[in-house]
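Work through the exercises below with the sequence and the structure at hand. Try each task before reading its solution.

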Amino acid sequence: MHRQIGSYRPSDIEVVAAFDIDRRKVGLDVSKAIFSPPNCTKVFSEKINLTGAIVKMGCVFDGFAPHMCDQDPLRTFLPLEKESTREQIIAELRDSAAELMVNYLPVGSEEATRFYAGCALEAGLGFVNNIPVFIASDPLWAKRFADKNLPLIGDDIKAQMGATILHRMIVDLFRKRGVKLERTYQLNTGGNTDFLNMLNRTRLASKKVSKTEAVQSVIGERLADENIHIGPSDYVPWQLDNKIAFIRMEGRLFGDVPMEIDVKLSVEDSPNSAGVAIDAIRCCKLALDRGIALKIVGRIRPHFFVELRGPELFQPVPFLLQLVCRVEQQTSKRGRKQTGFHVEVRDLAHCFPISRQLRTVTQAKTFRFA
Ligand SMILES: NC(=O)c1ccc[n+]([C@@H]2O[C@H](COP(=O)([O-])OP(=O)(O)OC[C@H]3O[C@@H](n4cnc5c(N)ncnc54)[C@H](O)[C@@H]3O)[C@@H](O)[C@H]2O)c1
């Protein structure tokens, strides 16, 4: 999303280690593995140089759901039988000199996420959790990373142009124009392994809560549960990585007159979060460089920048970078390096105006945006 964050450009990100369980990916250089089935996204860059990072076998845990066994092999995961050990994974992380780990496991991988987060912790890596499993938002995990002065960002990631933000914007428009919202749904369909995996509804609890709350929180007066339905709704193989969201809103205008809106969003799913992820990775790296145990709690989102008030009037700046810089200014004035400084951001969508909070961050050890 940003060409430069601190001194880092996207091209400065180097993949030095990778783990998967699929026999068509393990053993390949990452640059080749990304084109192996069941990956099915649009290719927007064909010539990827060899990275030298060979995909290593991980540990399966709950990354592979039972219902994935009965599917067309071209569409599902094909796990290798022999898993790596925890020690091998930690050794690989150390030997590769990796600095942070990014988690993109299938939704519902609770045990597997905790396993890899534990490996990252033991190997001394920062952790960017792109899936809805509580790590950054779990105080115990957060403390474990903070105690080691390691950055932790998550949980889950928002797309650049996703269904949730679009849904929230329309809800907000209803509220601003005084339209009473009575019922709404958001139905999502797609044909990638993420949607196939999500056919097992028991894996979706946290995802459904997080997506529903994102919309409920802007409605004002909450809708009764029966009047709001949000979630991945079906797997349509021919859609491949194209995700389609159908959003419907039913409300009442002046005079109690009914009105409705139907919106359809069609996007390529995988690249939609990639730009946000490479911003999060670079913010994590900045925190590592500066010895700050940065902790960001909340879905990782494109609001990694805001328009600052004050001297930088209306100058878009990367928000996290600004926070990190302020912390650094503070420490350099005192002439000593301050470590273990925690920055906790609850919801970047609600942080306007932020100048007062920014002043607070230079004084407080931990702060929150409501
Ligand atoms: N637009 C987006 O891409 C987006 C946005 C928000 C959240 N997410 C989340 O990111 C996650 C990944 O999405 P995706 O589309 O890349 O899914 P995917 O199915 O394409 O990729 C998951 C990968 O994990 C591997 N895997 C499964 N279990 C494993 C284990 N135990 N150890 C190592 N590897 C394992 C699979 O083989 C596969 O390569 C999902 O949870 C998704 O909800 C994605």
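**Exercise 1.** Find how many residues surround the ligand and which are the closest.

*Solution.* The model is a predicted one. Step one is the count: the ligand is surrounded by 28 residues. Step two is to pick out the closest, which are Gly 58, Gly 63, Ile 131, Thr 193 and Ser 273. Step three sorts the shell by residue type: 15 are nonpolar, eight are polar and five are charged. Step four asks where the shell residues sit. Strand S1 (18-20), helix H6 (193-197) and helix H8 (269-289) each give at least two of them. The largest share, four residues, is supplied by H8.

**Exercise 2.** Check whether the span of helix H3 (residues 110-123) agrees with its number of residues.

*Solution.* The expected span is 1.5 Å times one less than the number of residues. H3 has 14 residues, so a span of 20 Å is expected. The end C-alpha atoms of H3 are 20 Å apart, which agrees. After H3 comes Gly 124, with a positive phi near 80°.

**Exercise 3.** List the buried residues of H3 and say what covers them.

*Solution.* A residue counts as buried if 20 or more other C-beta atoms lie within 10 Å of its own. In H3 the buried residues are Ala 112, Thr 113, Phe 115, Tyr 116, Ala 117, Cys 119, Ala 120 and Leu 121. Their cover includes helix H2 (86-95), strand S3 (100-103), strand S4 (126-129) and helix H4 (139-147).

**Exercise 4.** Work out the order of the four strands in the open sheet and which strands are at its edges.

*Solution.* The order is S7-S6-S8-S9, with mixed pairing. Strand S7 (228-235) and strand S9 (257-268) are the edge strands, as each pairs on one side only. On average, neighbouring strands of this sheet are turned by 15° against each other, direction ignored.

Next, take one pair of strands. Strand S8 (residues 242-253) pairs with S9 in the antiparallel sense over twelve bridges. Gly 251 has Met 259 in S9 as its bridge partner, and Arg 248 stands opposite Asp 262 in S9. The hairpin of S8 and S9 has three residues between the strands, and Gly 255 has a positive phi near 80° there.

**Exercise 5.** Which strands does helix H5 (residues 163-176) lie across, and how many residues of S9 are buried?

*Solution.* H5 lies across strand S6 (180-190), S8 and S9, and runs at about 10° to S8. Helix H7 (residues 205-219) lies across S6 and S7, at about 145° to S7. Of the twelve residues of S9, zero are buried, and S9 is hardly covered.

Key
Residues numbered from 1 in each chain as written. Predicted model: local features only at pLDDT ≥ 70, side-chain atom pairs only at ≥ 80, totals over all residues. Helix = DSSP H or I, 4+ residues; strand = E, 2+ residues; numbered from the N terminus. Contact = placed C-beta atoms within 7 Å. Pairing = 2+ DSSP bridges. Axes fitted to C-alpha atoms, helices over the stretch in contact; angles between N-to-C directions. Near = placed C-beta within 6 Å. Nonpolar A, V, L, I, M, F, W, Y, C, P; charged D, E, K, R; others polar.
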